[in-house]
Amino acid sequence: MKFTEIAIIIAYYIISAFATTDILRLLKGSSTPVLQAGCFCPVCNHKLGLFEQFPIISYFFRKGRCKYCKSKIPVSNLYFEIFLSVSLIAISLLSNFSFTGYLIS
């Protein structure tokens, strides 16, 4: 696997993390502006650090809880993020990282 392909996979993970956060906020009826909001805990509103902004990784390290207020993070958030990440990466892999695959993603 080439460096560019690995970079694309990492970019898809970051895009899916951002999209998951925004989609879940919109579904819950949040009035927080999508493009202006940073990542924060929906319970204690504490701004998340860089490490906590990688949900799949931080979910397992924090055992599904907020680092600050210890409130439980719904496992459905994790499943949604995994589904979105795997979908984007699978499309690229199945299309052999072609431009058409990027457009579909």
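Cys69 is partly exposed in this predicted model, with a relative accessibility of 30%. Cys44 is partly exposed as well, at 31% relative accessible area.

| Residue | Relative accessible area |
|---|---|
| Cys44 | 31% |
| Cys69 | 30% |

Does partial exposure go with bonded or unbonded sulfur here? How far is the sulfur of Cys69 from the closest cysteine sulfur? The distance is 3.8 Å, to the sulfur of Cys66. A disulfide needs two cysteine sulfur atoms within 2.5 Å, so the sulfur of Cys69 is too far from that of Cys66 for a bond. By this rule the model has zero disulfides.

Helix H1 covers residues 3-27, 25 residues in total. From the first C-alpha to the last, H1 reaches 36 Å, close to the 36 Å expected at 1.5 Å a residue. Several residues of H1 are buried, among them Tyr12, Tyr13, Ser16, Ala17 and Thr20. An α-helix has 3.6 residues a turn, so residues three or four places apart point the same way. The buried residues of H1 pack against three helices: H2 (55-61), H3 (75-94) and H4 (99-104). After H1 comes Gly29, which has a positive phi near 80°.

The largest pocket holds about 880 Å³ of space. It is lined by 38 residues, and the closest to its centre are Thr21, Cys39, Phe40, Pro42 and Leu48. H1, H2 and H3 are the elements that each give two or more residues to this lining. H1 supplies the largest share, eight residues. By type, the lining of the largest pocket has 20 nonpolar, eight polar and ten charged residues.

Methods: Residues numbered from 1 in each chain as written. Predicted model: local features only at pLDDT ≥ 70, side-chain atom pairs only at ≥ 80, totals over all residues. Heavy atoms only, no water. Buried < 20%, exposed > 50% of the residue type's maximum accessible area, 1.4 Å probe, protein only. Helix = DSSP H or I, 4+ residues; strand = E, 2+ residues; numbered from the N terminus. Expected span 1.5 Å × (residues − 1). Contact = heavy atoms within 4.5 Å. 1 Å grid on protein atoms, 1.4 Å probe; cavity = no way out; pocket = protein on both sides within 12 Å on 5 of 7 lines; lining within 4 Å. Points joined across faces, edges and corners; volume = space filled by probe spheres on them. Nonpolar A, V, L, I, M, F, W, Y, C, P; charged D, E, K, R; others polar.
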